[in-house]
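This briefing looks at how two protein chains meet, and then at how each chain is described on its own. Please keep the sequence and the structure in view while reading.

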Amino acid sequence: MRRILADALVRHALSRIGLYLFAGLMLVFFALPLLWLVLTPFSRTPAYQITAPSFTLHNFRVLFDNPFALRSIGNSLVLAGGTAVLAVVFAGTAAYALSRVRLPGRDALLYAILLLSSIVTGTAAMVPIFLMLFQLNMIDNRLALILVLTGGLLPSAMFILKDFMDSVPKSYEESARVFGASPLQILRHVVAPVVRPGLATIAVWAVVQVWGNFLLPYILLHDQAKQPAAVIMYTFYDEGGQPNFALISTFSLLYSVPVVVAYLIVNRRYGFRFQGGIKG
Amino acid sequence: MSAQTTSAPTDDTGAADASRPRRTGRTGPGDVAGLGVGRAVLFVVPALALIAAFLVFPALWTLYLGVLKYDLAGSNAAAPQFVGLGNYTDALTDPRFANSVLLTLAFVGLSAVLGQNGLGFLLAATLRRAVGWVRMLVNGLVLLSWILPGTVVVFLWQALLDRNGGTLNALLDTPGAAWTLDHPLATIVVFNVWRGTAFSMLLYSAALDAVPASHLETARLYGSGPLRTFRDVVLPRIRGHILTNTLLITLWTFNDFTPYMLTGGGPDHRSETLPVYVYRMSIEGGQLGFGSAISLIMLVINLVIALFYLRLLRRRGQ
């Protein structure tokens, strides 16, 4: 009896040790690359090498003096904001109509666009999209890029929002109608407030998607003054190909903070479940 | 494509609509706001127009461009030549294409199917037994590696792997080791595991939450070890999630352009996955027709994965 108890204790201790060894290993693996981002912006000698803390804010002066750095953050905001607004408005109206009115072929349509959105990715469609805008003379046109980005996000956005629209109690709309509200008024003043969490979800998701997107702005915007943050980082090198570490480190931090904040807000509001929909 | 749609079976409103009293006139049974078919079409048109212009049309155009010899510059730019399946036979006989396909298979298989899947599951299964702050800390770091912008994390990895000042060489005491040059495939595989494991971890965490604690308790009382418990109790319950997760991360990794940002496809094409190959051939090299042919192959592979995925969703929705 005593033997069995001892065995069980040993096994338990071993499994605990194994667990914390694994956790420690994972901690190192996932934290190691991030150290640079936290330390280098404040280092007096920014380089690839991580140096012992020697606090300075000088690197941020370099950042604010660069003509393209802050402007590219503004460009990212324009692209992300524009895409989010268009995606919310277009996906919202479409999802509402599809939820309430039985248009012919609706289910087939929804299935087809869902399929399409996973097949036609930015990578698989980069040649035709580049060629289309090239021939239309729309390279360096930010509105065109916003429309391209919106088109890519709409299927998933419509799908998620249709679920939200389906869950709005129809009695709300019925009573609004009894009081003489027009369909547009009902959509704006009755339906939209009820599905606001869904609309916010789509807006944040769109912003995060566009904020990090590299390939499409990289091939469609060649004018440095118009490029977003994701692309401009590749110009922060000197003639010899040596990175401008002061600039890159502070810029990386500035460019990363908004997504982390957005994530924290969303996570607090909607919990982890939302994360499933934020990416991809 | 998003995981949130996993909870959304496609045919659900029909029954609810039919149970409502029918109205007369142009408004349908579920249309309580009186939108009408006309306005409904107007509401749907802007979204569909954008989808048609930037998803449907490019896909179809790829089909057409793929049979042309069409270059961005030179004589084939002004007057593209019809070459039929010429681009496809060219691709199939090009050793660089074969190399790229093999690399893509290795990249997706090792980093997504094995790496992200396995590590994501391990993290989800083990961390729940760790004390709160350890769990929060590891969870937070895994998530951070996932949500930071791609350009930033690529630079962080360049700093980690740099020959001279890189953190890894300093830690391992291997000065001058050129990881990205000597082991380009391993570099992008490990990078992608680091970058994408969060999704699998979250999905498996949620899946494991749904395994009833009483079943685990019963298995423990009958003296079943962790491996047997996993096989007999846990696995049957999360099989659907494993399939869903594997298909999604396969699709994303297959279309991932980040390897280009990390290694540029090099050295000597040794990390040139299909997306990088398409980019270098068509946008850098200007061979738009040839690039379209390869893109079409990618679209077909995407289609196969997506069809599997949607069939899975349908079956689960029923």
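In this predicted model, 105 residues of chain A are in contact with 108 residues of chain B. The two chains bury about 9,800 Å² between them, and 75% of that area lies on carbon and sulfur atoms. The points below begin with this interface, turn to the two domains of chain A, and end with the regions that UniProt records for each chain.

**The interface between chain A and chain B**

- Helix H1 of chain A, which covers residues 2-39, gives the largest share of the side of chain A that touches chain B, with 16 residues coming from this helix.
- When the residues on the side of chain A that touches chain B are sorted by character, 71 are nonpolar, 20 are polar and 14 are charged.
- Although charged residues are present on that side of chain A, the rule finds 0 salt bridges across the interface of chain A and chain B.
- Polar contacts do occur between the two chains, and the count is 10 residue pairs, with both residues of a pair at pLDDT 80 or more.

**The two domains of chain A**

- The domain assignment divides chain A into domain 1, residues 1-55, and domain 2, residues 60-270, and the centres of these two domains, taken over C-alpha atoms, are 36 Å apart.
- Where the two domains of chain A touch, 8 residues of domain 1 and 10 residues of domain 2 take part in the contact.
- The area buried between domain 1 and domain 2 of chain A is about 740 Å², with carbon and sulfur atoms giving 84% of it.
- Which three residues supply more than any other three of the area that domain 1 of chain A buries against domain 2 of chain A? They are A:Trp36, A:Leu37 and A:Pro41, which together supply 54% of that area.
- Between domain 1 and domain 2 of chain A there are 0 salt bridges, and the rule also finds 0 residue pairs in polar contact with both residues at pLDDT 80 or more.
- The side of domain 1 of chain A that touches domain 2 is made up of 7 nonpolar residues and 1 polar residue, with no charged residue among them.

**Regions recorded for chain A**

- An unreviewed UniProt entry lists the feature "domain: ABC transmembrane type-1" at residues 73-266 of chain A; in the model this span is 76% helix and 0% strand, and its end C-alpha atoms lie 21 Å apart.
- The unreviewed entry also places the feature "transmembrane region" at several stretches of chain A, including residues 198-220 and 245-266.
- Residues 198-220 of chain A are 91% helix and 0% strand, with end C-alpha atoms 30 Å apart, while residues 245-266 of chain A are 100% helix and 0% strand, with end C-alpha atoms 32 Å apart.

**Regions recorded for chain B**

- For chain B, an unreviewed UniProt entry places "domain: ABC transmembrane type-1" at residues 102-309, a span that is 80% helix and 0% strand in the model and whose end C-alpha atoms lie 23 Å apart.
- The feature "transmembrane region", again from an unreviewed UniProt entry, is placed at residues 40-64, 101-124, 136-157 and 288-310 of chain B.
- Residues 40-64 of chain B are 100% helix and 0% strand, and their end C-alpha atoms lie 33 Å apart.
- Residues 101-124 of chain B are likewise 100% helix and 0% strand, with end C-alpha atoms 32 Å apart.

Key
Residues numbered from 1 in each chain as written. Chains lettered and ligands numbered in written order. Predicted model: local features only at pLDDT ≥ 70, side-chain atom pairs only at ≥ 80, totals over all residues. Heavy atoms only, no water. Contact = heavy atoms within 4.5 Å. Buried area = accessible area lost by both parts, 1.4 Å probe. Salt bridge = Lys/Arg side-chain N within 4 Å of Asp/Glu carboxyl O. Polar contact = N/O pair within 3.5 Å; in protein donor to acceptor, adjacent residues only side chain to side chain. Helix = DSSP H or I, 4+ residues; strand = E, 2+ residues; numbered from the N terminus. Nonpolar A, V, L, I, M, F, W, Y, C, P; charged D, E, K, R; others polar. UniProt positions renumbered as here; feature names shortened; annotations may be inferred. Domains from an automatic or database assignment.
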